[in-house]
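Reader: I have a new model open and would like to practise reading it with you. Could we take it feature by feature?

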Amino acid sequence: MANLVDDLGQEMLYLPGTASLVQDIDKRVMVVLRDGRTLIGFLRSLDQFANLLLTQTVERIHVRDMYGDIDRGVFMVRGENVLLCGETDFQKPGFEKLKQVSQEEILKIQAEELKEKEERQKLLKKAFQERGMPYYSMDVADDCF
């Protein structure tokens, strides 16, 4: 790639914005979406709006120190839903701390954890209401985007 120069005549060491993803084409990337889902796949295409086309995609679900993968195949991601996108390297140290479990097991564990979270939210809401205070769940923060 040729050296790029910014408006001040200084050499740029990176491409700004969506253009920086061009160097990740045909590499394995991890994409975190606004709704909290994590996708891992090969970046095949993108456009100026950061719409991404991933192939051999899996949705990775993390619960505590466990994770499970769900095959998704070819996946088109609308750019406005991308929170984070970057190249992955699962060979680096630290990854082995997580234990891989089956798809069925991780979905079951995730459902249990969501149920526990809902129960905690109900107790918190009740405690706030008893004190005459409004309670706003953090789950509605997505509406702020």
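Author: Gladly! Let us begin with burial: a residue counts as buried when its relative accessible area is under 20%. Please keep in mind that this is a predicted model.

Reader: With that cut-off, what share of the 145 residues in the protein is buried?

Author: Buried residues account for 26% of the 145.

Reader: Next, the secondary structure. How many helices and strands does the protein have?

Author: There are 8 strands and 1 helix. Read from the N terminus, the order of elements is β-β-β-β-β-β-β-β-α, so to speak a string to follow along the chain.

Reader: And in which order do the strands lie in the sheet?

Author: Here strands are joined by pairing, and two strands pair if at least two bridges are found between them. In this model 6 strands make an open sheet, ordered β7-β3-β4-β5-β6-β8, with mixed pairing. Its edge strands are β7 (82–87) and β8 (99–100), each of which pairs on one side only.

Reader: Let me walk in from the β7 edge. In which sense do β3 and β7 pair?

Author: They pair in the antiparallel sense, over 5 bridges. Val32 has Leu84 in β7 as its bridge partner.

Reader: What about β3 and β4?

Author: Strand β3 (residues 28–33) pairs with β4 in the antiparallel sense as well, over 5 bridges. To see the register, find Met30 opposite Ile40 of β4, then Arg28, whose bridge partner in β4 is Phe42. The hairpin of these two strands has 4 residues between them, and Gly36 there takes a positive phi near 95°.

Reader: Over how many bridges do β4 and β5 pair?

Author: Over 7 bridges, in the antiparallel sense, with β4 covering residues 38–46 and β5 residues 52–63. Two residues we have just met return here: Ile40 stands opposite Val58 in β5, and Phe42 stands opposite Thr55 in β5. This hairpin has 5 residues between its strands, and in the turn Ala50 has a positive phi of about 65°.

Reader: Finally, the surface. Which residues form the negative patch?

Author: A patch of this kind joins like charges within 9 Å, using residues with over 30% relative accessible area and no salt bridge. Here Glu112, Glu116, Glu118 and Glu119 form the negative surface patch.

Reader: Where does Glu118 sit?

Author: Glu118 belongs to helix α1, which spans residues 103–130.

Technical notes. Residues numbered from 1 in each chain as written. Predicted model: local features only at pLDDT ≥ 70, side-chain atom pairs only at ≥ 80, totals over all residues. Heavy atoms only, no water. Patch = residues over 30% accessible without salt bridge, like charges linked within 9 Å, V, L, I, M, F, W, Y side chains within 5 Å. Areas by Shrake-Rupley, 256 points an atom, 1.4 Å probe, with all protein chains shown as cover. Salt bridge = Lys/Arg side-chain N within 4 Å of Asp/Glu carboxyl O. Lys, Arg positive; Asp, Glu negative; His and termini not counted. Charge placed at Lys NZ, Arg CZ, Asp CG, Glu CD. Buried < 20%, exposed > 50% of the residue type's maximum accessible area, 1.4 Å probe, protein only.
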